Structure formats: C-alpha cells, structure tokens
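Me: I am new to this structure and would like to know how its labels are earned. Could you take me through a few of them?

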Amino acid sequence: MHEMSIAQSLLALVEQELQLRPGSRCTVIRVTHGALANLVPEAFELAVEALTIGGPMQGVRLELRLLPLRLKCRACGHEFEPEQKRLGPPLYPCPQCDEELGHTLVQGKELFLESLEIETD
Amino acid sequence: MEIPVIRNLLEANEREANTLRTRFAQAGVLVLNLISSPGSGKTSLLERTLTDLKARYRMAVIEGDCMTDNDARRVAATGAAAVQINTDGGCHLNSAMVGQALAHLDLNALDILFVENVGNMVCPVEFDVGEDAKVAILSVTEGDDKPEKYPRLFQEAKAAVINKIDLLPYVDFDVAKASAQARALNATAAILQVSCRSGEGLDSWYAWLDAALAAKRKG
Ligand SMILES: Nc1nc2c(ncn2[C@@H]2O[C@H](COP(=O)(O)OP(=O)(O)OP(=O)(O)O)[C@@H](O)[C@H]2O)c(=O)[nH]1
Ligand SMILES: [Mg+2]
Ligand SMILES: [Zn+2]
C-alpha cells in the first residue's frame with residue numbers, strides 16, 4: 001500500500017546523501033519504524049527492490065528496526081510497553097496502577113532513515 | 001563505512017503540509033481530513049453537511065478517489081465546489097496532491113474545506129495534508145473492533161463519527177464497545193453517533209463543526 005511511496009522518499013533521501021559523497025555506493029540502508037507507523041516489512045522490501053532494479057543501487061540491503069509501542073500512564077506517569085497480546089477492550093492497562101484511559105504516546109510513530117553503509121572507490 | 005543520517009522518511013510530505021497549514025491559517029479556513037474504510041459514508045456525510053449548513057458556512061471539498069469522479073459529482077450536486085484528485089490506484093492523498101488541488105479553490109472565500117481521503121484506515125493517517133483535524137468515520141456494518149484494529153487513526157482523530165446507526169437493530173455492532181475502545185486510545189476525541197440516512201445525530205456533528213471552527217478562529 002503506502003510502502004511504495006515511503007520507499008520512493010527513502011531512496012530520494014539516500015540519493016541526496018550519496019551526492020554529498022561523490023564516488024560512493026550504498027550497500028545497506030537502515031530504517032527505524034515505530035509499531036504505529038504501519039510499515040509492512042515485506043511490502044517495503046519489495047518496493048525498494050522494485051525501485052532499485054537495474055540502477056546503481058540494485059541489490060542494496062534493507063535493515064529494519066522496529067520500535068515497540070511505548071505509553072506513559074495518565075494517572076501515575078509510569079512508562080510501559082503494552083504487551084502485544086490483546087485481552088480485548090479496554091486496551092493497554094497500566095502495569096503499575098491499572099489505569100486504562102488517556103495514556104500519552106511516548107514512542108511508536110517514528111519512521112526514519114537511521115544510517116547508511118557506504119563503500120567508496 | 002557506516003554513516004549516520006537520521007532523516008524522517010516523510011519529511012518531504014511534512015514540509016509541504018506545513019506550507020499548506022500556513023496558507024490555511026492565513027485564510028482562516030478550517031480543514032478536516034475525513035478518513036474511513038471504503039463505504040463507511042464519507043461522501044454521504046459530506047452531502048448532508050453541505051446541504052444542511054449551506055446557509056451557515058462557505059464550504060468546499062477535495063475528493064480523493066482511486067479511479068472515478070463519482071464522489072466529486074455527488075458533492076458538486078449539492079452546489080459546493082468540489083475538486084477531484086485521482087490517485088491512480090494510490091492508497092492515500094499526500095500534501096503535494098492537496099497543494100495542486102488548491103489551485104482550483106479560493107481559500108479566502110471558504111470557511112471549511114473538507115478533504116475526503118481515499119477509503120482506507122491505514123495509509124491516509126501517515127500523510128499529513130496540513131489539516132486541522134482528522135475525522136475518523138466508521139459505520140455499524142463494519143466490525144465494532146475497528147478502533148482496536150486501527151489504533152493510530154483513532155489515536156489521532158479529533159472526532160470519531162459512528163455512522164449508519166439507523167441499521168443498529170439489524171447488526172450486532174456494539175456501540176458501547178467501539179466507543180470504549182476509541183476512548184481508551186484518545187481521551188479527548190468527540191465520539192458522535194449519526195445516521196446520514198435518517199439524519200439522526202447529525203446535530204451533534206454540526207455542533208462539533210461549529211466548535212472546531214470557532215476554536216480555529218480564536219487561534
Ligand atoms: N443505511 C444507511 N446507509 C448509509 C448511511 N450513510 C451512507 N450509507 C450508504 O452507504 C454506502 C456508501 O456510502 P458513501 O457515502 O459512498 O461511502 P464513502 O465512505 O464515501 O465510500 P468510498 O468513497 O467509496 O470510500 C452508500 O450506499 C450510502 O447510501 C447511513 O447512515 N445509513
Ligand atoms: Mg466517498
Ligand atoms: Zn499508571
């Protein structure tokens with residue numbers, strides 16, 4: 001779905017970085033994505049592969065790092081990572097005080113290019 | 001050699017969205033990004049709103065549609081300005097597309113600009129188009145676990161509209177359950193129940209629009 005347009009933005013950023021370093025080639029791209037960024041790794045890898053085929057970045061490896069959802073409890077301020085397993089609603093009770101509502105999101109929406117592995121001739 | 005970069009993958013979209021947000025603020029127009037799965041009633045809600053509030057507000061619509069201009073024609077039939085964006089199969093609108101659509105609208109002659117996003121509850125949430133608020137729409141013919149399945153949308157939307165409540169007697173949609181899930185994800189969002197068929201509950205949606213526009217004007 002939207003993995004194709006995110007892959008396009010990613011490759012545009014990588015190209016900008018490579019232009020700053022003439023004669024260099026990118027071999028690995030590291031991307032960090034939060035659990036709420038809705039990035040499907042397989043679809044993203046496929047999109048990057050499709051967009052680089054036949055070009056100078058063909059065969060580039062994608063390394064994805066997933067950041068889990070992290071919430072801060074509205075009632076007691078405790079920060080926690082809710083379990084993946086859902087017990088049905090209400091969602092995400094605080095492990096410290098059981099408050100279920102109104103937590104703020106501390107981590108989970110990130111979607112960024114973290115680093116590149118480059119080779120220079 | 002490893003080189004650290006740290007650049008937001010959506011930075012190009014977000015930069016353009018911020019430019020749009022400034023333009024919207026200068027014109028004092030409230031911009032709402034309507035997001036739902038296909039068929040939940042985005043266009044129906046717009047048809048109702050554009051008709052019922054015609055005398056109160058100057059409104060226009062940007063219609064995102066994969067292929068057709070059906071929704072833009074339905075909206076135009078109410079007399080409101082409608083600009084069609086064909087995403088050519090793309091699953092969401094982005095800020096550049098909305099920026100292009102603005103060439104066909106006079107922002108200074110508007111109070112509210114609605115953006116009907118492509119029907120899908122995932123991708124449109126990622127792409128800021130400079131809106132003041134996202135509005136999530138779900139209908140009672142879908143599962144009542146939508147908020148749980150699409151937490152990002154319900155976490156960000158400032159209003160969640162539950163549509164097609166005229167059908168509640170015929171379906172097993174649990175309004176209390178869906179509302180509790182939405183509430184758990186967002187403690188301050190308005191949760192509204194409406195029927196675009198019977199008109200029931202639309203008053204609460206119009207009151208929400210009044211309040212949102214007043215808040216925008218106050219800055
Ligand atoms: N019974 C009932 N039907 C409704 C209601 N609102 C919309 N519908 C019907 O639901 C169908 C889809 O409505 P649309 O308004 O086209 O939905 P949409 O979200 O714009 O759909 P897409 O643009 O295709 O994603 C239409 O047949 C509407 O007549 C409602 O409140 N009650
Ligand atoms: Mg529609
Ligand atoms: Zn707590």
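Here are some questions about a metal site and a helix, with replies.

Reply: Happy to help! This is a predicted model, in which local features need pLDDT of at least 70, side-chain atom pairs count only at pLDDT 80 or more, and totals for chains, interfaces and linings use all residues. Residues are numbered from 1 along each chain as its sequence is written, chains are lettered from A and ligands numbered from 1 in the order in which they are written, and side-chain values use heavy atoms, with hydrogens and water left out.

Me: What makes B:Thr43, B:Asp71 and B:Glu116 donors of the magnesium ion (ligand 2)?

Reply: Donors are N, O and S atoms within 2.8 Å of the metal (3.2 Å for Na, K and Ca); water is not among the atoms, so sites may look incomplete. Here OG1 of B:Thr43, OD of B:Asp71 and OE of B:Glu116 lie 2.0 to 2.1 Å from the ion, so they qualify.

Me: Why is B:Thr43 called buried?

Reply: Buried means under 20% relative accessible area, exposed over 50%, and partly exposed in between (1.4 Å probe, protein chains only). B:Thr43 has 5% relative accessibility, so it counts as buried. B:Asp71, at 13%, counts as buried too.

Me: How do you know that the buried residues of helix 9 of chain B are on the same side?

Reply: The buried residues include B:Leu202, B:Trp205 and B:Leu209. They cover an arc of only 155° around the axis, so they are on the same side of the helix; the arc is that of the directions from the helix axis to the C-beta atoms. On the other side, B:Asp203 and B:Lys218 are exposed.

Note on methods: Helix = DSSP H or I, 4+ residues; strand = E, 2+ residues; numbered from the N terminus.
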